[in-house]
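Please look through the sequence and the structure below before reading on. The text after them goes from one part of the chain to another.

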Amino acid sequence: MDGFFSGKRVFLTGHTGFKGAWLSLWLHRLGARVRGFALEPPSTPSLFDLLAPSGLVEDMRGDLRDAAAVDGAMSAFQPDIVVHMAAQALVRPSYDDPAGTFASNALGTAHVLDAVRRTPSVRAVVNVTSDKCYENREWVWGYRENDPFGGHDPYSASKACAEIVAQSYSRSFFSAPGGPALASARAGNVIGGGDFGADRLIPDLARAAKAGTPALIRNPKAVRPWQHVLEPLSAYLLLARRLYEEGQTVAGGWNFGPEAAESREVGEMAGAFCRALDHGASWTQDPGGHPHEARLLRLDCSKARALLGWRPRLDVDAALEWTAAWYRAWLDGSVDLRGLAESQIAAYEALG
């Protein structure tokens, strides 16, 4: 990043989550001053706690649904850049609490953008949503940024709502010259060390290996665009910089995902990860009934490649090996998981 982030003030929502913890570490490495705003870490253990977060971020705990808390935290910090990642991020829990999911993901996004509207220091906003924001027709080609939003399950629909909220704020409040430039980033399934989320493939496999039992996999034939967590994070950093430097010309929606050939079935990924992890890892299909989840989902990322010059640096095999290396260290009781994460960030930067 050529020193761009050094000294920049970055307001990061969701810093206690999996992707947020990795981004906190990376921004710290780049010399940014980061204020995080999030709920308590979503799991025990959590990557954020394992990274020994002292010194990484100004750690503020709060709820996106509390508009006054969001506004107060941002106003007091006066950031240059806002990266909004906090969300209820899982499909199955969205069936258990649909209203809460919409409140966090749609209304929470409105609260963040309303705080931006009242904070004159902000020049760039990256709104992180999901590939699931698109109306999924189960077709074989990738969704483009101008495809319609939608969603069968409450999580996907809430992310579609967050996109519509962002569009409205961009058109209504952020389109004037000199105003904050807002872009939405849509990424596919991510893997990487330190994800301990419930009902997620790699964490389920790692936990099962630790317990000495097979992991239960719901939909082994479902196809997803897998990528290492550093891939979309590199895109968010690039997008933040371009928004800051170029303004409204970079605003709008952006897809960030792997090459089409890197899509894999869930069962294929599970088997490959078990082999890479060792530690007796195994899986079997869960015979129980499950709520609807899309079976096929791909992104067309040609816009990001053509206009931002962004492209993935790791193929799916390398992503699996980097991920397995982290979980092997965790299973073996390594005390320097932050050092391992920093070495992977450095190795990723070297690929660029």
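The paragraphs below take up loops, helix pairs and single residues.

The model is predicted. A starting point is Thr16, which sits in the loop that runs between strand 1 (9-13) and helix 1 (18-29). Thr16 has a relative accessible area of 5%, and because the limit for a buried residue is under 20%, Thr16 counts as buried. A polar atom of the Thr16 side chain lies 2.9 Å from the backbone oxygen of Leu39. Leaving aside residues up to four places away in sequence, Thr16 touches Ala38, Leu39, Glu40, Pro41, Pro42, Phe48 and Arg61.

Further along the chain is Pro45, in the loop between strand 2 (33-38) and helix 2 (47-50). The peptide bond that joins Thr44 and Pro45 is cis, with omega about 0°.

Helix 3 comes next, and with it a helix pair. Helix 3 covers residues 67-77 and includes Ala68. Ala68 has a relative accessible area of 59% and is therefore exposed, as exposed means over 50%. The C-alpha atom of Ala68 is separated by 8.5 Å from that of His111, a residue 43 places away along the chain. His111 also belongs to the contact between helix 3 and helix 5. The axes of these two helices come within 9 Å and cross at roughly 40°. At that angle helix 3 is oblique to helix 5, because the angle is neither under 35 degrees, the limit for roughly parallel, nor in the range of 65 to 115 degrees. Helix 3 passes helix 5 in a right-handed crossing. On the side of helix 3 the contact is made by Ala67, Val70, Asp71 and Met74, and on the side of helix 5 by His111, Val112, Ala115 and Val116. By class, the residues of this contact are 6 nonpolar, 1 polar and 1 charged.

After helix 3 the chain enters the loop between helix 3 and strand 4 (81-84), where Gln78 is found. Gln78 is not a glycine, yet its phi is positive, at about 50°. Its relative accessibility is 30%, so Gln78 counts as partly exposed.

Helix 5 (residues 98-117) also has a contact with helix 6 (residues 154-172), where the two axes come within 9 Å and cross at roughly 20°. Helix 5 is therefore roughly parallel to helix 6, the limit being under 35 degrees. This crossing is right-handed. Helix 5 contributes Pro98, Thr101, Phe102, Asn105, Ala106, Thr109, Ala110, Leu113, Asp114 and Arg117 to the contact, and helix 6 contributes Pro154, Tyr155, Ala157, Ser158, Lys159, Cys161, Ala162, Val165, Ala166 and Tyr169. Of these residues, 13 are nonpolar, 4 polar and 3 charged.

Why is helix 7 (residues 201-211) described as largely enclosed by the rest of the structure? The reason is that 8 of its 11 residues are buried. The buried residues of helix 7 are Leu201, Ile202, Pro203, Asp204, Leu205, Ala206, Ala208 and Ala209. They pack against strand 7 (190-191), strand 8 (215-217), helix 9 (266-277), strand 13 (283-285) and helix 11. Just after helix 7 comes Gly212, with a positive phi of about 75°.

Helix 9 and strand 13, both among the elements that pack against helix 7, are linked by a loop that holds Asp278. Asp278 is a residue other than glycine with a positive phi, near 65°. With a relative accessible area of 54%, Asp278 is exposed.

Helix 11, another partner of the buried residues of helix 7, has a contact with helix 12 as well. Helix 11 (residues 316-331) and helix 12 (residues 337-351) pack with their axes 10 Å apart, at an angle of about 165°. Helix 11 is therefore roughly antiparallel to helix 12, since angles over 145 degrees count as such. The crossing of the two helices is right-handed. Trp322, Ala325, Trp326, Ala329 and Trp330 of helix 11 meet Leu337, Leu340, Ala341, Gln344, Ala347, Tyr348 and Leu351 of helix 12. The contact of helix 11 with helix 12 has 11 nonpolar residues, 1 polar and no charged.

Note on methods: Residues numbered from 1 in each chain as written. Predicted model: local features only at pLDDT ≥ 70, side-chain atom pairs only at ≥ 80, totals over all residues. Heavy atoms only, no water. Helix = DSSP H or I, 4+ residues; strand = E, 2+ residues; numbered from the N terminus. Buried < 20%, exposed > 50% of the residue type's maximum accessible area, 1.4 Å probe, protein only. Polar contact = N/O pair within 3.5 Å; in protein donor to acceptor, adjacent residues only side chain to side chain. Contact = heavy atoms within 4.5 Å. Axes fitted to C-alpha atoms, helices over the stretch in contact; angles between N-to-C directions. Left-handed = near helix turned anticlockwise from the far one by under 90°. Nonpolar A, V, L, I, M, F, W, Y, C, P; charged D, E, K, R; others polar.
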